[in-house]
Amino acid sequence: MTRNVRLSEWKLSNRTKSTITKLSDKYQLYQGSTVIDEGTFENFYPTRFELWFKSQKSGIEKKLTEKNYMIDGWDR
C-alpha cells in the first residue's frame, strides 16, 4: 500500500477475475480467498485491495472501490 507495488499480480488477477454475462436486478455476493506470496508469516503489513471493472467491449477500466487490510505473507 505504501509503495504501490502489486502483490502476487498473476495469481490475484487470474484467481479473482469474474466475467459478467447477463445483467439483472438479482445480485450475488462472491466470496473467496487467495495466498499472497510476498511477506512472512506473522509479520503484518498494510495492503490495499481494489475492485476494478473492465469493459470487454471498449477495454476501458474503472476502479469501483478499494479497502485496506493488514495482512501477512506466506513462507515457503
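Contact here means that heavy atoms lie within 4.5 Å. The legends below describe a predicted model.

**Figure 1. Overall view of the chain and its long-range contacts.** Among contacts between residues at least 6 apart in sequence, 56% join residues at least 24 apart. The secondary structure consists of one helix and two strands, and these elements follow the order α-β-β from the N terminus. The C-alpha trace spans about 40 × 25 × 20 Å along its principal axes. The radius of gyration of the chain is 15 Å, whereas a compact globule of 76 residues would have a value near 11 Å.

**Figure 2. Surface and charges of the chain.** Of the 76 residues in the chain, 13% are buried. The chain exposes about 7,500 Å², and carbon and sulfur atoms supply 51% of this area. The chain carries 14 positive and 10 negative charges, and the mean positions of the two sets are 9 Å apart.

**Figure 3. The antiparallel pair formed by strands E1 and E2.** Strand E1 covers residues 45-54 and strand E2 covers residues 61-71. The two strands pair in the antiparallel sense, with 10 bridges between them. Trp52 has Lys63 of E2 as its bridge partner. Lys54 is likewise bridged to a residue of E2, namely Glu61.

**Figure 4. The hairpin connection between E1 and E2.** Six residues lie between the two strands of this hairpin. Within the hairpin, Gly59 adopts a positive phi near 80°. The bridge between Lys54 and Glu61 of E2 may be viewed together with this connection.

**Figure 5. Surroundings of Asp72, in the segment after E2.** Asp72 belongs to the segment that follows E2. Beyond its neighbours within four places in sequence, Asp72 is in contact with Thr40, Phe41, Glu42, Asn43, Phe44 and Tyr45. One of these residues, Thr40, is 32 residues from Asp72 in sequence, and the C-alpha atoms of the pair are 6.0 Å apart. Asp72 has a relative accessible area of 26% and is therefore partly exposed, since that class lies between the buried limit of 20% and the exposed limit of 50%.

**Figure 6. Ser8, in the segment before helix H1.** Helix H1 comprises residues 9-15, and Ser8 is found in the segment before this helix. The phi angle of Ser8 is near 40°, a positive value in a residue other than glycine. Ser8 counts as buried because its relative accessibility is 6%, and buried residues are those under 20%.

**Figure 7. Thr2 and its separation from Ile71.** Thr2 also lies in the segment before H1. Thr2 counts as exposed because its relative accessibility is 70%, and the exposed class begins over 50%. Thr2 and Ile71 are 69 residues apart in sequence, and their C-alpha atoms are 13 Å apart in space.

How values were computed. Residues numbered from 1 in each chain as written. Predicted model: local features only at pLDDT ≥ 70, side-chain atom pairs only at ≥ 80, totals over all residues. Heavy atoms only, no water. Helix = DSSP H or I, 4+ residues; strand = E, 2+ residues; numbered from the N terminus. Rg over C-alpha atoms; globule rule 2.2 N^0.38 Å. Buried < 20%, exposed > 50% of the residue type's maximum accessible area, 1.4 Å probe, protein only. Areas by Shrake-Rupley, 256 points an atom, 1.4 Å probe, with all protein chains shown as cover. Lys, Arg positive; Asp, Glu negative; His and termini not counted. Charge placed at Lys NZ, Arg CZ, Asp CG, Glu CD. Pairing = 2+ DSSP bridges.
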